[in-house]
Amino acid sequence: MDHIAQAIDPFVFRLSIFVLAVFVGYFVVWSVTPALHTPLMSVTNAISGIIVVGGILQVGHGTGVTIVSAAAILLASINIFGGFAVTRRMLSMFTRS
């Protein structure tokens, strides 16, 4: 059993987990009813905040890691800004004029 675990390349193992996560995430997000979009956006903002903190902690640990960390910080920041913009727009629909 131990020799089988060593035969799988760690890169292939992590790549297969990533691909499965992409498929599961795609189907989960597209099956959400419109009434739940705003709470789902709040959750993605929280996850993106964790990604930003993790990216900041990894900056400076080598050139490749710094480039990937900077890209993660940039993309997560864009996601946070978009999430707040969508949430603000949704909440403005419930205010009295």
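**Close-up views of a predicted helical model**

**View 1. Phenylalanine 27 sits in helix H2, which spans residues 10–30.** The model is predicted. Phenylalanine 27 has a relative accessible area of 54%. That is over 50%, so the residue counts as exposed. Phe27 also contributes to a nonpolar surface patch of about 1,200 Å². Its partners in the patch are Phe11, Val12, Leu15, Phe18, Val19, Val22, Phe23, Tyr26, Val29 and Trp30.

**View 2. Proline 34 lies in the loop between H2 and H3.** Proline 34 is exposed, because its relative accessibility is 64% and the cut-off is over 50%. Follow the chain from this loop residue to valine 53. The two are 19 residues apart in sequence. In space, their C-alpha atoms are 30 Å apart.

**View 3. Asparagine 45 is a buried residue of helix H3.** Helix H3 covers residues 37–58. The relative accessible area of asparagine 45 is 10%. This value is under 20%, so asparagine 45 counts as buried. Which residues does asparagine 45 contact, leaving aside neighbours within four places in sequence? They are Asn79, Ile80, Gly83 and Phe84. Two of these contacts, Ile80 and Gly83, are themselves among the buried residues of H4. Glycine 82 is 37 residues from asparagine 45 along the chain. The C-alpha atoms of asparagine 45 and glycine 82 are separated by 9.0 Å.

**View 4. Serine 69 is a buried residue of helix H4.** Its relative accessibility is 6%. That is under the 20% limit, which means serine 69 counts as buried. Neighbours within four places in sequence are set aside here. Beyond them, serine 69 is in contact with Gly55, Gln58 and Val59.

**View 5. Helix H4 runs from residue 63 to residue 92.** The helix has 30 residues. From first C-alpha to last, H4 reaches 43 Å. This is close to the 44 Å expected at 1.5 Å a residue. Which residues of H4 are buried? They are Ser69, Ala76, Ile80, Gly83 and Thr87.

**View 6. Confidence differs between helices H1 and H4.** Among the elements of the protein chain, H4 has the highest mean pLDDT, at 88. Helix H1, residues 2–7, has the lowest, at 62. Where pLDDT is low, the predicted coordinates should not be read in detail. The protein chain averages a pLDDT of 83. A score of at least 70 is reached by 91% of the residues.

Key:
Residues numbered from 1 in each chain as written. Predicted model: local features only at pLDDT ≥ 70, side-chain atom pairs only at ≥ 80, totals over all residues. Heavy atoms only, no water. Helix = DSSP H or I, 4+ residues; strand = E, 2+ residues; numbered from the N terminus. Expected span 1.5 Å × (residues − 1). Buried < 20%, exposed > 50% of the residue type's maximum accessible area, 1.4 Å probe, protein only. pLDDT = per-residue confidence, 0-100. Contact = heavy atoms within 4.5 Å. Patch = residues over 30% accessible without salt bridge, like charges linked within 9 Å, V, L, I, M, F, W, Y side chains within 5 Å. Areas by Shrake-Rupley, 256 points an atom, 1.4 Å probe, with all protein chains shown as cover. Salt bridge = Lys/Arg side-chain N within 4 Å of Asp/Glu carboxyl O.
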